[in-house]
Amino acid sequence: MACQTCRSQTRSMLRSALRAGVAASSPSARSVATPAAAFAVATTTTTTTKQSTTTRSTMLRSFSSSSQRQILGLRDSYRVVGASERLFKVCAKPADYRITDEERKQDLVQKRDDGEEIGKAKDPENVWNKTFGLQPSFSTWSHVTMLHLYLINARLRCLDRDEYRNWSQQMIDHFFFECEKKMHLDHNITSSALRQRYLKDIFVQWRGLLLAYDEGLVKGDAILASAVWRNLFKGDPDADPRALVAIVGWIRASLSALEGASDVTFPQQAAEILEKPVDVFWTRLEAPFLSDQHGDNKAAPAQATQQAKAKAAAPEKLAAAP
């Protein structure tokens, strides 16, 4: 057992350590503390300093290791909203149309055989209505717009998962907002429940369109042309095959150009790519046939002259024969 003197010294050291822990911030307490108390104070101060330094360094490392998207997530979200809206306007412009209130009041709105209303193209010279023979209607506008959105969506799949979801959702939201707006203003569908039912049908078409065009890209141009014919031309047996070939060529060329676009400047480059005229592929397709026709037309008079000379020379040859 410890002697009385050792026990006294131990109690004194404990009391000094307790006092030092309570009044560690007091200069007078540090000046009168025993060596054991001073050691305890030094240990406590060092531990506190290490903990604060570790906490501060941890916070700095966590902040510096955060990506710019996480730190400025709100700004990035608003940037995507603005950029996607501008890009959607490019997608919705080519086959846009309108139906005015005056035409509806005067009962001048024409209809297709299936009852769909036909409007007037905002750009009468656009290739989709003028060259390809598609009527300016909601169906034509929605499928042409979805075709452009599909090209954008195919390029967005190259981005990170979160960024792809953000961009894709924003583009789809813009599209469905515009669909509902056209239903209300152009087609006078005032029932919200009826508009929602139509929007659900359009969403089902969008999901099927993604699968159909993806299958066409993988399996070949014939399958892709079939998907375009079913969706854009509604399976019309009178659809011009040259239009299908031109659209498939435009899809392939646009996807190739979008693939080469940088992620940083993607919105600007995508808008420029989609604004390129589709009828270029139509004229390139027709050029060889037109040149052959012109050549045949020029050669026809010469052939007729040679045939006439041969007929005129035939009696002379017969008379000269023995």
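Does Phe 138 count as buried or exposed, and at what relative accessibility? In this predicted model, Phe 138 has a relative accessibility of 14% and therefore counts as buried, since the cut-off for that class is under 20%.

The ring of Phe 138 also has an aromatic partner. The structure holds 8 aromatic pairs, and one of them joins Phe 138 to Trp 141 in a tilted arrangement, with 5.8 Å from centre to centre and 45° between the planes. Both residues belong to helix α8, which spans residues 138-156, and because they are 3 residues apart there, about one helical turn separates them. Trp 141 is buried as well, its relative accessible area being 0%.

A further tilted pair is formed by Phe 176 and Phe 203, whose ring centres lie 6.2 Å apart and whose planes make an angle of 50°. This pair links distant parts of the chain, for Phe 176 lies in helix α9 (residues 161-185) and Phe 203 in helix α10 (residues 192-219), with their positions 27 residues apart in the numbering. Phe 176 is buried at a relative accessible area of 13%, whereas Phe 203, at 41%, is partly exposed.

These residues come together in a wider arrangement, in which ring pairs link Phe 138, Trp 141, Phe 175, Phe 176 and Phe 203 into a cluster. One member of the cluster, Trp 141, also has a charged residue over its face, namely Lys 182, at 5.2 Å from the ring centre. The charged end of Lys 182 sits over the ring of Tyr 97 too, at 4.6 Å from the centre of that ring.

Conventions: Residues are numbered from 1 along each chain as its sequence is written. This is a predicted model: local features need pLDDT of at least 70, side-chain atom pairs count only at pLDDT 80 or more; totals for chains, interfaces and linings use all residues. Side-chain values use heavy atoms; hydrogens and water are left out. Rings of Phe, Tyr and Trp (its six-membered ring) pair if their centres lie within 6.5 Å; planes under 30 degrees apart count as stacked, over 60 as edge-to-face and the rest as tilted. Helices (H or I, at least four residues) and strands (E, at least two) are DSSP runs, numbered from the N terminus. Buried means under 20% relative accessible area, exposed over 50%, partly exposed in between (1.4 Å probe, protein chains only). A charge sits over a ring if NZ of Lys or CZ of Arg is within 6 Å of the ring centre and within 35 degrees of the ring normal.
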